[in-house]
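Trainee: I would like to learn how to read a model of this kind, feature by feature. Where should we begin?

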Amino acid sequence: MKTWKSLSRSQRILELLCLVLLAGMFLALLAGWGSIPEQIPGHYNGEGVIDRWTGKWELLLMLFFTVFMYLLLTVCTAVCLPSVRKMELPWAAMAWLAAVKLVVLAGFAYVTFRMAQAQPLSEGFTKAFVGAAALPCAGFIVSSLRFALAKR
């Protein structure tokens with residue numbers, strides 16, 4: 001795949017971690033399906049407290065949504081790649097996008113795991129997740145702005 005070859009070693013590692021997370025989610029749900037309670041949390045409020053219950057089938061929706069987010073962020077990376085090649089964006093932009101993808105997938109994997117256990121989220125998870133996702137987004141913006149200003 002041409003895009004894979006254009007990624008740096010660190011970007012490939014981040015991409016592989018994302019794929020391992022997706023595979024792990026799928027395998028964990030498959031292996032543990034029989035031990036998952038019939039009623040699981042369907043939604044958490046901003047504090048991580050369960051505020052809706054649902055059937056365990058909703059875990060499949062979480063897996064589907066996680067795959068969708070992976071594909072969406074992969075498309076975003078592919079869309080940025082031509083700009084990187086034309087030197088309109090820095091190469092660091094690709095790593096920042098890969099980091100965003102990893103943080104988002106890790107967050108969804110954690111929520112899915114807690115849902116399967118019928119447990120609330122850890123205290124402060126929402127704030128930590130938003131902060132962790134915002135950092136690589138900010139890195140992308142800052143590195144792109146610095147790159148653009150340096151080209152002037």
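Mentor: Begin with what an element is: helices are DSSP runs of at least four residues in H or I, strands are runs of at least two in E, and both are numbered from the N terminus. Lysine 101, for example, has its place in helix α4. Keep in mind that this is a predicted model.

Trainee: How many helices and strands does the protein have, and in what order do they run?

Mentor: There are five helices and two strands. From the N terminus on, the order is α-α-β-β-α-α-α. The C-alpha trace spans about 60 × 35 × 20 Å along its principal axes.

Trainee: How do I read burial, and is lysine 101 buried or exposed?

Mentor: Compare the relative accessible area with the cut-offs: under 20% is buried, over 50% is exposed, and values in between are partly exposed. Lysine 101 has a relative accessibility of 1%, so it counts as buried. Its contacts, leaving aside neighbours within four places in sequence, are Glu15, Cys18, Tyr70, Leu73 and Thr74. For the protein as a whole, 41% of the 152 residues count as buried.

Trainee: What does the helix around lysine 101 look like as a unit?

Mentor: Check length first, then burial. Helix α4 covers residues 92–116, and its 25 residues should span 36 Å at 1.5 Å a residue; the end C-alpha atoms are 36 Å apart, which agrees. The expected span uses one less than the number of residues. As for burial, 18 of the 25 residues of α4 are buried, so the rest of the structure largely encloses this helix.

Trainee: Which residues does methionine 69 touch?

Mentor: Methionine 69 sits in helix α3, residues 58–85. Not counting residues up to four places away in sequence, methionine 69 touches Val104 and Phe108. Its relative accessible area is 17%, so methionine 69 is buried. Sequence separation and spatial distance are separate readings: methionine 69 and alanine 116 are 47 residues apart in sequence, and their C-alpha atoms are 20 Å apart in space. Over the whole protein, 65% of the contacts with a separation of 6 or more are between residues 24 or more positions apart.

Trainee: Where should I look for positive phi values?

Mentor: Look in the loops and turns here, and note the residue type. Methionine 87 lies in the loop between α3 and α4, and its phi is near 65°, a positive value in a residue other than glycine. At 46% relative accessibility, methionine 87 counts as partly exposed. Alanine 118, in the loop between α4 and α5, also belongs in this discussion: its phi is near 55°, again positive in a residue other than glycine. With 18% relative accessibility, alanine 118 counts as buried.

Trainee: In what sense do the two strands pair, and over how many bridges?

Mentor: Strand β1 (residues 39–44) and strand β2 (residues 50–55) pair in the antiparallel sense over five bridges. Proline 41 stands opposite tryptophan 53 in β2. The two strands form a hairpin with five residues between them. Glycine 48, in the turn, has a positive phi of about 85°. As a general idea, side chains in a regular strand alternate between the two faces of the sheet.

Trainee: How is empty space found, and what is the volume of the largest pocket?

Mentor: Rolling a probe the size of a water molecule over the atoms shows where empty space is left. Here the largest pocket has a volume of about 340 Å³. It is lined by 16 residues, of which Tyr44, Met62, Phe108, Val111 and Leu121 are the closest to its centre. By class, its lining has nine nonpolar, six polar and one charged residues. At least two lining residues come from each of β1, α3, α4 and α5 (125–151). The largest share, four residues, is from α4.

Trainee: Which residues line the largest cavity?

Mentor: Gly46, Glu47, Gly124, Phe125, Thr126 and Lys127 line the largest cavity. They divide into one nonpolar, three polar and two charged residues. The space in the largest cavity is about 30 Å³, and the count of cavities of 30 Å³ or more comes to one.

Methods: Residues numbered from 1 in each chain as written. Predicted model: local features only at pLDDT ≥ 70, side-chain atom pairs only at ≥ 80, totals over all residues. Heavy atoms only, no water. Buried < 20%, exposed > 50% of the residue type's maximum accessible area, 1.4 Å probe, protein only. Contact = heavy atoms within 4.5 Å. 1 Å grid on protein atoms, 1.4 Å probe; cavity = no way out; pocket = protein on both sides within 12 Å on 5 of 7 lines; lining within 4 Å. Points joined across faces, edges and corners; volume = space filled by probe spheres on them. Nonpolar A, V, L, I, M, F, W, Y, C, P; charged D, E, K, R; others polar. Pairing = 2+ DSSP bridges.
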